[in-house]
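Open the model in your viewer and keep the selection tool at hand. The stops below run from one edge of a sheet to a few side chains worth a look.

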Amino acid sequence: MAKVAVVTGASSGLGLHLSIMLAKQGIVTYATMRNLDKKQALLDEAHKQGVNIEETLIIQPLDVQSSSSVEACINRVIEEAGKIDILVNNAGAGFIRTTEQATEEEIKWALDVNLLGVIRCTKAVLPFMREARAGHIINISSVGGLVGQPFNEIYCAAKFAVEGYTESMASYIQPCFNVNFTLVEPGGIASEFANNVLGQFQASGGMREDEYKPILEQYIQGAQNRSDDGVYQTSEEVAQVVFDCIAMDKPPVRMRTSQWAKDFCEIKTQQDPDGKRQQQKVIETFLPNV
């Protein structure tokens with residue numbers, strides 16, 4: 001029986017390419033997105049690669065900011081496919097703005113999309129995986145979930161929270177119910193995601209005339225110059241890493257997707273690169289008999 005996957009944020013970038021990779025391998029893939037008006041890019045690429053729409057690649061609406069939307073989509077998948085083997089929480093949004101400049105509304109939005117969206121989708125899928133005693137939940141995090149970076153504190157706060165949330169779930173859901181959890185931590189993806197970050201920044205007022213301006217200008221210029229340093233991967237390259245992770249019998253708790261990402265986070269991860277040592281330590285400390 002074919003495996004069933006749900007991928008959020010599949011209208012572009014990583015989610016789009018991963019959905020097609022999975023579908024090409026015969027995995028029944030529900031490629032979800034908030035706005036179905038943006039599905040054409042996915043349809044065009046699927047057609048180009050010979051993917052069978054409505055058999056192995058099924059496009060469904062899912063807004064990670066709406067519990068009712070999440071639940072409706074997941075229930076629809078269960079009704080049609082009978083199970084969910086893989087959930088990839090990919091939907092997210094960058095946010096560049098210092099804390100002093102960010103409005104409370106903007107902060108809540110960034111946390112809602114990047115953290116609560118992951119929790120909503122996991123909460124909806126987990127009962128079915130737990131009952132089946134099988135499943136794999138992959139949360140697309142970032143090196144910003146391990147290392148705080150200038151002007152990204154709100155985004156990093158959300159991703160740090162995703163890391164803690166995932167580590168905690170892996171400490172008891174995996175050993176007790178055989179549901180695996182993995183954090184995927186890219187350095188940077190050259191895709192619509194980056195464009196959306198700058199677009200959102202400009203839409204919220206752009207560069208402000210204050211003491212932060214010269215520091216922010218240095219940061220943005222540096223980000224543009226780092227394009228030659230190996231920081232940015234293509235969506236297809238990161239999708240391949242996720243795809244390979246899904247194929248593993250014993251997937252890691254966390255994994256960086258490039259050498260740049262590994263080097264950048266090395267100080268924090270060198271003793272436990274894949275997170276398995278810490279996972280085992282937590283299990284031995286709190287649940288020694290599972």
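## Start at E2 and E3

Select strand E2, residues 28-33, together with E3. The two strands run parallel and are joined by five bridges. This is a predicted model. For one of the pairings, pick Met 33: its bridge partner in E3 is Pro 61.

Now bring in helix H2, residues 40-48. H2 lies across E2 and E3, and runs at about 175 degrees to E3. Next, show helix H4, residues 104-132. H4 packs on the sheet and touches strand E4 (86-89), strand E5 (135-140) and strand E6 (179-185). The direction of H4 makes about 175 degrees with that of E4.

## Widen to the whole sheet

Colour the strands in the order E3-E2-E1-E4-E5-E6-E9. These seven strands form an open sheet with parallel pairing. Which strands are at the edges? They are E3 (57-61) and E9 (254-256), each pairing on one side only. Look along the sheet to see the turn: neighbouring strands are rotated by 20 degrees against each other on average, direction ignored.

## Step from E2 to E1

Return to E2 and show side chains. Six of its six residues are buried, and the strand is mostly covered. Val 28, Tyr 30 and Thr 32 point one way from E2. Thr 29, Ala 31 and Met 33 point the other way.

Add strand E1, residues 4-7. E1 and E2 pair in the parallel sense over four bridges. Select Val 4 and find its bridge partner in E2, Val 28. Then select Val 6, whose bridge partner in E2 is Tyr 30. The side chains of E1 also split: Val 4 and Val 6 point one way, Ala 5 and Val 7 the other, and all are buried.

## Helix H1

Move to helix H1, residues 13-24. H1 has twelve residues and reaches 17 Å from its first C-alpha to its last, close to the 16 Å expected at 1.5 Å a residue. Is this helix enclosed or open to the outside? Eleven of the twelve residues of H1 are buried, so the helix is largely enclosed by the rest of the structure. Among the buried ones are Leu 14, His 17, Ser 19 and Met 21. Just after H1, stop at Gly 26, which takes a positive phi of about 85 degrees.

## Val 88 in strand E4

Centre the view on Val 88, in strand E4. Val 88 has a relative accessible area of 1%, so it counts as buried. What is in contact with Val 88, leaving aside its neighbours within four places in sequence? The list is Val 6, Val 7, Thr 8, Leu 18, Ile 138, Ile 140 and Ile 246. Two of these names were on the earlier stops: Val 6 and Val 7 belong to E1. Leu 18 is one of the buried residues of H1.

Now draw a distance from Val 88 to Gly 9. The two are 79 residues apart in sequence and 9.2 Å apart in space, C-alpha to C-alpha.

## Aromatic pairs

Show Phe, Tyr and Trp rings. The model holds four aromatic pairs. Zoom in on Phe 151 and Tyr 219. Their pair is tilted, with 5.9 Å centre to centre and 45 degrees between the planes. The pair links distant parts of the chain, 68 residues apart: Phe 151 is in the loop between E5 and helix H5 (153-177), and Tyr 219 is in helix H7 (residues 213-225). Phe 151 and Tyr 219 are both buried.

Go on to Trp 260 and Phe 264. This pair is stacked, at 4.9 Å centre to centre and 15 degrees between the planes. Both residues lie in helix H9 (residues 259-264), four residues apart, about one turn of the helix. Trp 260 has a relative accessible area of 22%, so it is partly exposed. Phe 264, at 32%, also counts as partly exposed.

Then go back to Phe 151 and add Tyr 212. With Tyr 219, these residues form one aromatic cluster.

## Last stop: confidence

Colour the chain by pLDDT. The protein chain averages 93, and 92% of the residues score at least 70. Where is confidence lowest? Select helix H6, residues 192-203, at a mean of 61. Confidence is highest in E4, at 99. Where pLDDT is low, the predicted coordinates should not be read in detail.

Conventions
Residues are numbered from 1 along each chain as its sequence is written. This is a predicted model: local features need pLDDT of at least 70, side-chain atom pairs count only at pLDDT 80 or more; totals for chains, interfaces and linings use all residues. Side-chain values use heavy atoms; hydrogens and water are left out. Two strands pair if DSSP finds at least two bridges between them. Axes are lines fitted to C-alpha atoms, for helices over the stretch in contact, and angles run from 0 to 180 degrees between N-to-C directions. Contact means heavy atoms within 4.5 Å. Rings of Phe, Tyr and Trp (its six-membered ring) pair if their centres lie within 6.5 Å; planes under 30 degrees apart count as stacked, over 60 as edge-to-face and the rest as tilted. Buried means under 20% relative accessible area, exposed over 50%, partly exposed in between (1.4 Å probe, protein chains only). pLDDT is the predictor's confidence in each residue, from 0 to 100. The expected span of a helix is 1.5 Å times one less than its number of residues.
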